[in-house]
Amino acid sequence: MPLPPAPTKRAALLAPDAYSLKAAEESLDFTVPTPEPERAPPAPAVQAMRSNAPEARTPSRGRGRKTAEPATDARDQAPRTAPAALSPAAPQPNHPSQARNGQLEVPTAVAAGVSPVASNRRRNGGKSASNGPARLFVLDTNVLLHDPMSLFRFEEHDIFLPMIVLEELDGHKKGMTEVARNGRQTSRTLDALVAQQGGDMTKGLKLSATGHQSARGLLFFQTEPLDNQLPSSLPQGKADNQILGVVHALRGRHPEREVILVSKDINMRVKARALGLAAEDYQNDKTLDDGELLYAGALALPQDFWTRQSKTIESWQSGSHTFYRVSGPSVGQFYINQFVYFEAPGEPSLYARVTEIRDKTAVLKTLKDYTHLKNAVWGVTSRNREQNFALNLLMDPEVDFVTLAGTAGTGKTLMALASGLTQVLDDRRYTEIIMTRATVSVGEDIGFLPGTEEEKMGPWMGALDDNLEFLAKGDGGNAGEWGRAATNELIRSRIKVKSMNFMRGRTFMNKYVIIDEAQNLTPKQMKTLITRAGPGTKIICMGNLAQIDTPYLTEGSSGLTFAVDRFKGWPHGGHITLARGERSRLADFASEVL
């Protein structure tokens, strides 16, 4: 049978004779609601059509026969109420928490303790699939201590802070640690929000009052005791259980809203879901949801790349480099300073770097071949494709920031040191090498270390000593031990080992800075180090994202991941992920199987 005519306007009712029930359900995949028994006077509720498109139901604005008006804003449909001050509002018609036969029905997703769109939302505060009221996020203390700006990361949704969270914030504000600094910053932010003109804590404070226009929600404080019905087996004096009690009470008071607990504590999220409460991790600190999505810095060209370019390609020579101006669908995947390579049986290979992108065309520049001994860097040659890419970045004076990622034994530190020594001692491009790293222990700490700053950093710089021994072993020539000792002394005089604890306020000019084990840095620490760069300074960040030793850091929230993602496509920055280990066959095999 032919399809029924489309409604003349949104949420309009079709005439009963426009379709047959069975055919409509099979073709359009929607269910026609069964009309309730007529009451005096008869007033059927307005029903919104549901199709396969992810469109929300439109709440009815009355029980008369008039068609519901289109909902333009969730706030117009359900005005916000102060979560801790008012009694629960009556459920509205056609809302997900609609009362059936006089009994309130809790949405299935909330009853299961899972947000309906949690799996599809990269960030907390992502837009809901429904046009219902703004969500209410209850923040745990560890979220505020982890990110003081988390109050402004939830877009149009509201935030609720239990009183016990303020108590815990007060207990963490003393000291010089990162947690204490974040606690003090959060307290200052809350003070500025409370002091806004015309603010009423019982009705909610505007989060945008301090200038954060992206935060369009309201901030609610717990202004009165909330009754909850948590199991008696949970100790009531524990702070986590008190927060869970607040979430449970809010969900009971406001069944028309989705109340979600946001916490960095895994056990607390598990406990909340066991009690039937919605709980989520704080996602805004994560650069990537999956480490596999990290920008690799290199792209393999398709096998038909040259075939598609046969009519539009343009090439020219400049010095020892060849340039190609290409176009086609592959250009849309290119970034500035990204490496591209073409390898096919029986055809010449191409290894190039993207130097320009304009509209639908890109310019590729062939690379210097560091696999050949004549181009060796301080006696080091590249052993694979990715190492050749890395040396091209490290030796390019136009690239100010280089990030190298890779497993153990891929040659990150060796190539960075060899490039630094060549440009400091031979080319005189930089005055000295400054090396630092995150001092995070793998096992138990051995206590305080004696000596000066450089002597204290000595045990952490074993990788530096090992690579310098390799780089300097052949430079003595026939001079014997005296020549090697003099070479080592010269090299040591141009390398300074510094602690990250004293980097604040410094400016490095014409330095070659190496940041080792950068995967253990937070994004804030990474920003502090990179902003130390002055004129003529080059910074190299190296790390293995599979060896993160800092608590609470993951591949998605590491400072190295943060830097790679933010500098992607910058004309004076580059990244390459080293894939193949060259340390030894034992180390290479261990990286794969252990």
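The following paragraphs describe the nonpolar cores, one helix pair and one buried serine of a predicted model.

Local features need pLDDT of at least 70 and side-chain atom pairs count only at pLDDT 80 or more, while totals for chains, interfaces and linings use all residues. Residues are numbered from 1 along each chain as its sequence is written, and side-chain values use heavy atoms, without hydrogens and water.

The largest nonpolar core (buried Ala, Val, Leu, Ile, Met, Phe, Trp, Tyr and Cys joined through side-chain atoms within 4.5 Å; buried means under 20% relative accessible area with a 1.4 Å probe, protein chains only) has 45 residues. Leu139, Leu151, Leu161, Leu219 and Leu261 have the most contacts inside this core. Helix H7 (residues 239–253) supplies its largest share, seven residues. A second, separate core has 40 residues, among them Val377, Val399, Leu417 and Tyr430.

Elsewhere, helices (DSSP runs of H or I, at least four residues) H15 (residues 523–530) and H16 (residues 559–566) have axes, fitted to C-alpha atoms over the stretch in contact, that come within 7 Å and cross at roughly 60°. H15 is therefore oblique to H16, a class for angles that are not under 35, over 145 or from 65 to 115 degrees. Pro523, Met526 and Ile530 of H15 meet Gly559, Leu560, Phe562 and Ala563 of H16, where contact means heavy atoms within 4.5 Å.

Serine 558 lies in the loop between strand S17 (538–543; strands are E runs of at least two residues) and H16. Serine 558 counts as buried because its relative accessibility is 0%. Beyond neighbours within four places in sequence, serine 558 contacts residues including Pro523 and Leu545.

Notes
Buried < 20%, exposed > 50% of the residue type's maximum accessible area, 1.4 Å probe, protein only. Axes fitted to C-alpha atoms, helices over the stretch in contact; angles between N-to-C directions.
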